[in-house]
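I opened this one fresh and kept notes as I went. Here is the thing itself before my entries.

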Amino acid sequence: KVNMRKKYNQPKWFWELLNIKEPKENEIFTSKNRKFKIKNSIPRHINRNSESQQQTSNTFGYKWNKRYKIENYVNQHMEFWLNERYGEIKECFLNQFTYKPYILDAGCGGGMSGMSFFKNILNNIYYVGADISSAVDVAASRFLKKDFHCGFIQCDLMKLPFAKNSFDIIFSEGVLHHTDNTFNALASVTEYLKEKGKIYFYVYKKKSPIREFSDDLIREKIQNLSSEEAWDQLLPLTKLGKLLGELNIEIDIKEKIDLLEIPSGKINIQRLFYWHIFKIFYRPELNIDEMNHINFDWYAPQNAFRQTPEEVRDWCKKLNLDIEREYIDEAGITIIAQKVK
(Lines give C-alpha, C1' and ligand atoms only; values in the text may rest on other atoms or scores of the structure.)
Protein backbone atom coordinates (compact mmCIF):
# COMPACT_ATOMS: atom_id res chain seq x y z
CA LYS A 1 0.00 0.00 0.00
CA VAL A 2 1.05 3.59 -0.59
CA ASN A 3 2.77 5.22 2.36
CA MET A 4 1.73 8.87 2.52
CA ARG A 5 4.54 10.32 4.63
CA LYS A 6 2.96 13.75 4.39
CA LYS A 7 -0.76 14.35 4.06
CA TYR A 8 -1.66 15.14 0.48
CA ASN A 9 -3.80 18.21 -0.09
CA GLN A 10 -4.92 19.52 -3.44
CA PRO A 11 -3.56 22.99 -4.27
CA LYS A 12 -6.11 25.85 -4.26
CA TRP A 13 -5.85 26.39 -8.02
CA PHE A 14 -7.08 22.82 -8.63
CA TRP A 15 -10.48 23.56 -7.09
CA GLU A 16 -10.61 26.83 -9.00
CA LEU A 17 -10.02 24.87 -12.20
CA LEU A 18 -13.02 22.71 -11.32
CA ASN A 19 -14.94 25.90 -10.48
CA ILE A 20 -16.04 24.59 -7.09
CA LYS A 21 -15.43 25.48 -3.47
CA GLU A 22 -12.93 23.15 -1.82
CA PRO A 23 -14.97 20.16 -0.54
CA LYS A 24 -14.44 18.35 2.74
CA GLU A 25 -13.15 14.80 3.15
CA ASN A 26 -15.80 12.21 2.16
CA GLU A 27 -18.00 14.96 0.71
CA ILE A 28 -19.88 14.14 -2.49
CA PHE A 29 -20.14 16.83 -5.14
CA THR A 30 -21.39 17.07 -8.71
CA SER A 31 -19.45 18.66 -11.55
CA LYS A 32 -20.51 18.55 -15.22
CA ASN A 33 -23.33 16.18 -14.20
CA ARG A 34 -20.82 13.72 -12.78
CA LYS A 35 -20.64 12.70 -9.13
CA PHE A 36 -17.40 12.58 -7.18
CA LYS A 37 -16.45 11.69 -3.62
CA ILE A 38 -13.41 13.08 -1.85
CA LYS A 39 -10.96 10.60 -0.37
CA ASN A 40 -7.49 11.68 0.75
CA SER A 41 -8.26 15.06 -0.87
CA ILE A 42 -8.64 13.42 -4.30
CA PRO A 43 -11.97 13.56 -6.16
CA ARG A 44 -12.98 10.05 -7.25
CA HIS A 45 -15.76 9.38 -9.72
CA ILE A 46 -18.61 7.31 -8.37
CA ASN A 47 -20.32 6.71 -11.71
CA ARG A 48 -20.19 3.12 -12.91
CA ASN A 49 -17.46 2.24 -15.42
CA SER A 50 -17.96 -0.16 -18.29
CA GLU A 51 -16.99 -3.74 -17.43
CA SER A 52 -13.83 -3.58 -19.55
CA GLN A 53 -12.80 -0.21 -18.12
CA GLN A 54 -13.35 -1.42 -14.57
CA GLN A 55 -11.13 -4.43 -15.33
CA THR A 56 -8.49 -2.06 -16.70
CA SER A 57 -8.77 0.11 -13.59
CA ASN A 58 -8.35 -2.88 -11.28
CA THR A 59 -5.40 -4.18 -13.29
CA PHE A 60 -3.43 -0.94 -13.22
CA GLY A 61 -4.29 -0.25 -9.61
CA TYR A 62 -2.81 -3.68 -8.80
CA LYS A 63 0.24 -3.12 -11.00
CA TRP A 64 1.17 0.34 -9.74
CA ASN A 65 0.96 -0.79 -6.13
CA LYS A 66 3.55 -3.54 -6.78
CA ARG A 67 6.44 -1.15 -6.37
CA TYR A 68 9.52 -3.28 -6.99
CA LYS A 69 12.94 -1.87 -7.78
CA ILE A 70 11.53 -1.98 -11.31
CA GLU A 71 10.93 1.71 -10.64
CA ASN A 72 14.68 2.33 -10.63
CA TYR A 73 15.03 0.60 -14.01
CA VAL A 74 12.04 2.42 -15.48
CA ASN A 75 13.25 5.76 -14.14
CA GLN A 76 16.67 5.24 -15.71
CA HIS A 77 15.17 4.54 -19.12
CA MET A 78 11.98 6.61 -18.98
CA GLU A 79 13.57 10.01 -19.52
CA PHE A 80 15.62 8.81 -22.50
CA TRP A 81 12.58 6.98 -23.93
CA LEU A 82 10.37 10.08 -23.66
CA ASN A 83 12.95 12.57 -24.89
CA GLU A 84 13.79 10.41 -27.89
CA ARG A 85 10.18 10.30 -29.01
CA TYR A 86 8.83 13.71 -28.02
CA GLY A 87 11.93 15.85 -27.66
CA GLU A 88 13.19 17.12 -24.30
CA ILE A 89 11.09 19.59 -22.30
CA LYS A 90 13.46 22.28 -21.01
CA GLU A 91 12.72 25.49 -19.14
CA CYS A 92 12.74 27.44 -22.41
CA PHE A 93 9.60 25.45 -23.31
CA LEU A 94 7.69 27.92 -21.14
CA ASN A 95 8.75 30.91 -23.26
CA GLN A 96 5.83 30.24 -25.60
CA PHE A 97 3.41 31.17 -22.79
CA THR A 98 2.77 34.59 -21.24
CA TYR A 99 1.12 32.90 -18.27
CA LYS A 100 1.49 29.75 -16.18
CA PRO A 101 0.12 26.97 -18.42
CA TYR A 102 -2.27 24.19 -17.46
CA ILE A 103 -1.12 20.67 -18.36
CA LEU A 104 -3.28 17.56 -18.17
CA ASP A 105 -1.60 14.16 -17.80
CA ALA A 106 -4.46 12.09 -19.19
CA GLY A 107 -3.90 8.65 -17.67
CA CYS A 108 -1.09 9.54 -15.28
CA GLY A 109 -0.86 6.08 -13.69
CA GLY A 110 1.71 6.18 -10.91
CA GLY A 111 3.06 9.49 -12.20
CA MET A 112 6.39 8.19 -13.49
CA SER A 113 6.02 9.40 -17.09
CA GLY A 114 4.66 12.81 -16.11
CA MET A 115 7.37 13.44 -13.57
CA SER A 116 10.12 12.28 -15.93
CA PHE A 117 8.87 14.34 -18.86
CA PHE A 118 7.93 17.59 -17.12
CA LYS A 119 10.48 17.49 -14.30
CA ASN A 120 12.31 20.63 -15.51
CA ILE A 121 9.16 22.78 -15.42
CA LEU A 122 6.89 21.22 -12.78
CA ASN A 123 7.29 24.19 -10.42
CA ASN A 124 6.18 26.55 -13.19
CA ILE A 125 3.06 24.84 -14.51
CA TYR A 126 -0.34 23.77 -13.26
CA TYR A 127 -0.06 20.00 -13.61
CA VAL A 128 -3.15 17.79 -13.27
CA GLY A 129 -2.84 14.01 -13.21
CA ALA A 130 -6.00 12.06 -14.06
CA ASP A 131 -6.35 8.29 -13.99
CA ILE A 132 -9.20 5.79 -13.81
CA SER A 133 -7.40 3.67 -11.21
CA SER A 134 -6.17 4.02 -7.64
CA ALA A 135 -2.73 4.61 -9.16
CA VAL A 136 -3.45 8.32 -8.59
CA ASP A 137 -2.60 7.71 -4.93
CA VAL A 138 0.83 6.43 -5.96
CA ALA A 139 1.28 9.46 -8.23
CA ALA A 140 0.19 11.93 -5.53
CA SER A 141 2.60 10.33 -3.06
CA ARG A 142 5.45 10.45 -5.56
CA PHE A 143 4.91 14.12 -6.44
CA LEU A 144 4.41 15.14 -2.81
CA LYS A 145 7.68 13.48 -1.84
CA LYS A 146 9.45 15.76 -4.34
CA ASP A 147 7.50 18.82 -3.09
CA PHE A 148 5.66 19.29 -6.38
CA HIS A 149 2.21 20.68 -5.58
CA CYS A 150 0.05 19.25 -8.34
CA GLY A 151 -3.58 18.26 -8.77
CA PHE A 152 -4.93 14.71 -9.06
CA ILE A 153 -8.29 13.18 -9.87
CA GLN A 154 -9.48 9.58 -10.22
CA CYS A 155 -11.79 9.50 -13.21
CA ASP A 156 -12.49 7.87 -16.56
CA LEU A 157 -10.95 10.03 -19.30
CA MET A 158 -14.33 10.00 -21.05
CA LYS A 159 -15.96 11.63 -18.02
CA LEU A 160 -13.57 14.36 -16.88
CA PRO A 161 -15.31 17.22 -15.03
CA PHE A 162 -13.22 20.07 -16.43
CA ALA A 163 -14.55 22.81 -18.69
CA LYS A 164 -13.83 22.48 -22.39
CA ASN A 165 -10.66 24.24 -23.63
CA SER A 166 -9.11 24.21 -20.12
CA PHE A 167 -5.61 22.97 -20.90
CA ASP A 168 -2.67 24.31 -22.87
CA ILE A 169 -0.97 20.91 -23.10
CA ILE A 170 -2.40 17.40 -22.87
CA PHE A 171 0.01 14.51 -22.32
CA SER A 172 -1.25 10.94 -22.68
CA GLU A 173 1.60 8.46 -22.65
CA GLY A 174 0.46 4.93 -23.50
CA VAL A 175 -3.09 5.34 -22.21
CA LEU A 176 -5.66 5.99 -24.94
CA HIS A 177 -5.43 2.41 -26.23
CA HIS A 178 -6.48 1.16 -22.76
CA THR A 179 -9.96 2.68 -23.10
CA ASP A 180 -13.05 1.16 -24.69
CA ASN A 181 -12.29 2.96 -27.95
CA THR A 182 -8.96 4.62 -28.75
CA PHE A 183 -10.36 7.18 -31.19
CA ASN A 184 -13.22 8.16 -28.89
CA ALA A 185 -10.77 8.63 -26.02
CA LEU A 186 -8.55 10.84 -28.18
CA ALA A 187 -11.60 12.84 -29.27
CA SER A 188 -12.76 13.21 -25.68
CA VAL A 189 -9.51 14.52 -24.22
CA THR A 190 -9.01 16.81 -27.23
CA GLU A 191 -12.16 18.69 -26.19
CA TYR A 192 -10.30 19.90 -23.09
CA LEU A 193 -7.44 21.29 -25.18
CA LYS A 194 -7.36 25.00 -25.97
CA GLU A 195 -7.23 26.15 -29.57
CA LYS A 196 -3.56 26.17 -30.62
CA GLY A 197 -2.86 23.95 -27.62
CA LYS A 198 -0.79 20.82 -28.17
CA ILE A 199 -1.41 17.16 -27.43
CA TYR A 200 1.43 14.70 -26.84
CA PHE A 201 0.34 11.07 -27.04
CA TYR A 202 1.62 7.55 -27.61
CA VAL A 203 -0.44 4.54 -28.69
CA TYR A 204 0.44 0.93 -29.46
CA LYS A 205 1.25 0.07 -33.05
CA LYS A 206 -0.16 -3.02 -34.73
CA LYS A 207 2.44 -5.81 -34.78
CA SER A 208 3.14 -8.69 -37.19
CA PRO A 209 0.30 -11.29 -37.53
CA ILE A 210 1.60 -14.08 -35.26
CA ARG A 211 2.41 -11.60 -32.51
CA GLU A 212 -1.07 -10.05 -32.82
CA PHE A 213 -2.72 -13.48 -32.64
CA SER A 214 -0.62 -14.70 -29.70
CA ASP A 215 -1.07 -11.50 -27.70
CA ASP A 216 -4.85 -11.64 -28.08
CA LEU A 217 -4.91 -15.35 -27.23
CA ILE A 218 -2.89 -14.89 -24.02
CA ARG A 219 -4.87 -11.80 -23.02
CA GLU A 220 -8.16 -13.66 -23.50
CA LYS A 221 -6.99 -16.65 -21.45
CA ILE A 222 -6.21 -14.56 -18.36
CA GLN A 223 -9.22 -12.22 -18.48
CA ASN A 224 -11.34 -14.20 -16.02
CA LEU A 225 -8.49 -14.58 -13.54
CA SER A 226 -7.79 -12.34 -10.58
CA SER A 227 -4.78 -10.04 -10.90
CA GLU A 228 -2.80 -12.35 -8.62
CA GLU A 229 -3.72 -15.42 -10.68
CA ALA A 230 -2.90 -13.66 -13.95
CA TRP A 231 0.45 -12.63 -12.50
CA ASP A 232 1.24 -16.26 -11.65
CA GLN A 233 0.08 -17.55 -15.05
CA LEU A 234 2.46 -15.15 -16.82
CA LEU A 235 5.52 -16.21 -14.82
CA PRO A 236 6.37 -19.29 -16.99
CA LEU A 237 6.16 -17.10 -20.10
CA THR A 238 8.49 -14.57 -18.49
CA LYS A 239 10.92 -17.36 -17.57
CA LEU A 240 10.97 -18.48 -21.21
CA GLY A 241 11.89 -14.94 -22.21
CA LYS A 242 14.74 -15.03 -19.69
CA LEU A 243 15.93 -18.39 -21.04
CA LEU A 244 15.95 -17.12 -24.64
CA GLY A 245 17.66 -13.90 -23.60
CA GLU A 246 20.41 -15.74 -21.73
CA LEU A 247 21.13 -17.84 -24.84
CA ASN A 248 22.25 -14.59 -26.49
CA ILE A 249 22.05 -16.14 -29.97
CA GLU A 250 21.85 -14.03 -33.08
CA ILE A 251 20.46 -15.41 -36.33
CA ASP A 252 20.61 -13.99 -39.82
CA ILE A 253 17.32 -14.10 -41.72
CA LYS A 254 18.50 -14.00 -45.32
CA GLU A 255 15.18 -13.22 -46.95
CA LYS A 256 12.20 -11.21 -45.78
CA ILE A 257 9.18 -13.38 -44.89
CA ASP A 258 6.36 -11.34 -46.34
CA LEU A 259 3.65 -13.79 -45.28
CA LEU A 260 4.49 -13.22 -41.60
CA GLU A 261 5.82 -9.65 -41.91
CA ILE A 262 9.23 -10.70 -40.60
CA PRO A 263 12.04 -8.59 -42.08
CA SER A 264 15.38 -9.90 -43.25
CA GLY A 265 18.59 -9.23 -41.35
CA LYS A 266 20.36 -10.17 -38.15
CA ILE A 267 18.28 -10.43 -35.00
CA ASN A 268 18.70 -11.83 -31.50
CA ILE A 269 16.54 -14.93 -31.01
CA GLN A 270 14.81 -13.41 -27.99
CA ARG A 271 13.95 -10.27 -30.00
CA LEU A 272 12.63 -12.41 -32.84
CA PHE A 273 10.16 -13.95 -30.40
CA TYR A 274 9.49 -10.57 -28.77
CA TRP A 275 8.57 -8.69 -31.93
CA HIS A 276 7.09 -11.42 -34.10
CA ILE A 277 5.72 -14.28 -31.96
CA PHE A 278 4.64 -13.01 -28.50
CA LYS A 279 5.82 -10.42 -26.02
CA ILE A 280 8.40 -11.80 -23.60
CA PHE A 281 10.31 -8.91 -22.06
CA TYR A 282 13.94 -9.52 -21.09
CA ARG A 283 16.66 -7.41 -19.55
CA PRO A 284 19.62 -9.09 -17.81
CA GLU A 285 19.71 -6.48 -15.02
CA LEU A 286 16.15 -7.29 -13.90
CA ASN A 287 14.87 -10.23 -11.86
CA ILE A 288 11.93 -12.43 -12.83
CA ASP A 289 9.32 -10.45 -10.88
CA GLU A 290 10.48 -7.21 -12.47
CA MET A 291 10.33 -8.65 -15.98
CA ASN A 292 6.96 -10.21 -15.18
CA HIS A 293 5.78 -6.75 -14.11
CA ILE A 294 6.34 -5.49 -17.66
CA ASN A 295 4.72 -8.52 -19.29
CA PHE A 296 1.76 -8.13 -16.91
CA ASP A 297 1.43 -4.51 -17.98
CA TRP A 298 1.01 -5.70 -21.57
CA TYR A 299 -1.22 -8.75 -21.20
CA ALA A 300 -3.45 -8.07 -18.20
CA PRO A 301 -5.59 -5.10 -19.33
CA GLN A 302 -8.65 -6.21 -21.29
CA ASN A 303 -8.48 -3.02 -23.32
CA ALA A 304 -5.18 -2.88 -25.21
CA PHE A 305 -5.88 -1.87 -28.80
CA ARG A 306 -3.25 -1.55 -31.51
CA GLN A 307 -3.36 0.93 -34.38
CA THR A 308 -1.69 1.55 -37.72
CA PRO A 309 0.06 4.86 -38.45
CA GLU A 310 -2.51 5.51 -41.18
CA GLU A 311 -5.37 5.17 -38.69
CA VAL A 312 -3.77 7.61 -36.26
CA ARG A 313 -3.10 10.18 -38.99
CA ASP A 314 -6.72 9.92 -40.09
CA TRP A 315 -7.93 10.40 -36.51
CA CYS A 316 -5.84 13.55 -36.11
CA LYS A 317 -7.22 14.95 -39.36
CA LYS A 318 -10.81 14.33 -38.23
CA LEU A 319 -10.16 16.06 -34.90
CA ASN A 320 -8.41 19.11 -36.42
CA LEU A 321 -5.10 18.10 -34.91
CA ASP A 322 -2.20 19.26 -37.05
CA ILE A 323 0.65 16.77 -36.60
CA GLU A 324 3.95 18.51 -35.85
CA ARG A 325 6.01 15.48 -34.89
CA GLU A 326 5.55 11.79 -35.63
CA TYR A 327 7.79 9.05 -34.27
CA ILE A 328 7.07 5.44 -35.26
CA ASP A 329 8.97 2.41 -34.00
CA GLU A 330 8.26 -1.29 -33.55
CA ALA A 331 6.34 -0.69 -30.32
CA GLY A 332 4.14 2.27 -31.05
CA ILE A 333 3.21 5.60 -32.56
CA THR A 334 4.16 8.89 -30.91
CA ILE A 335 2.45 12.11 -31.94
CA ILE A 336 2.74 15.81 -31.11
CA ALA A 337 -0.12 17.73 -32.68
CA GLN A 338 -1.60 21.22 -32.42
CA LYS A 339 -5.32 21.83 -32.19
CA VAL A 340 -6.45 24.07 -35.03
CA LYS A 341 -9.85 25.41 -36.12
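My entries follow, strand first, then helix, then surface.

Ground rules: I'm working from a predicted model, where local features need pLDDT of at least 70, side-chain atom pairs count only at pLDDT 80 or more, and totals for chains, interfaces and linings use all residues. Residues are numbered from 1 along each chain as its sequence is written, and side-chain values use heavy atoms, with hydrogens and water left out.

Entry one, β7. I looked up strand β7 (residues 167–173; strands are DSSP E runs of at least two residues, helices H or I runs of at least four, numbered from the N terminus). Seven of its seven residues are buried, so the rest of the structure largely encloses β7. Buried means under 20% relative accessible area, exposed over 50%, partly exposed in between (1.4 Å probe, protein chains only).

Next I checked its neighbours; strands pair if DSSP finds at least two bridges between them. β4 (residues 102–106) pairs with β7 in the parallel sense over three bridges, and I103 stands opposite I169. β8 (residues 193–204) runs parallel to β7 too, joined by six bridges, with K198 as the partner of I169 there.

Entry two, α11. Which residues of helix α11 (residues 309–318) are buried? I found P309, V312, W315 and C316. They fall within an arc of 125° seen down the axis (directions from the axis to the C-beta atoms), so they line one face of α11. E310, K317 and K318 are exposed on the other side.

Entry three, a loop. I found L259 between β9 (250–253) and β10 (265–268). L259 counts as exposed because its relative accessibility is 79%.
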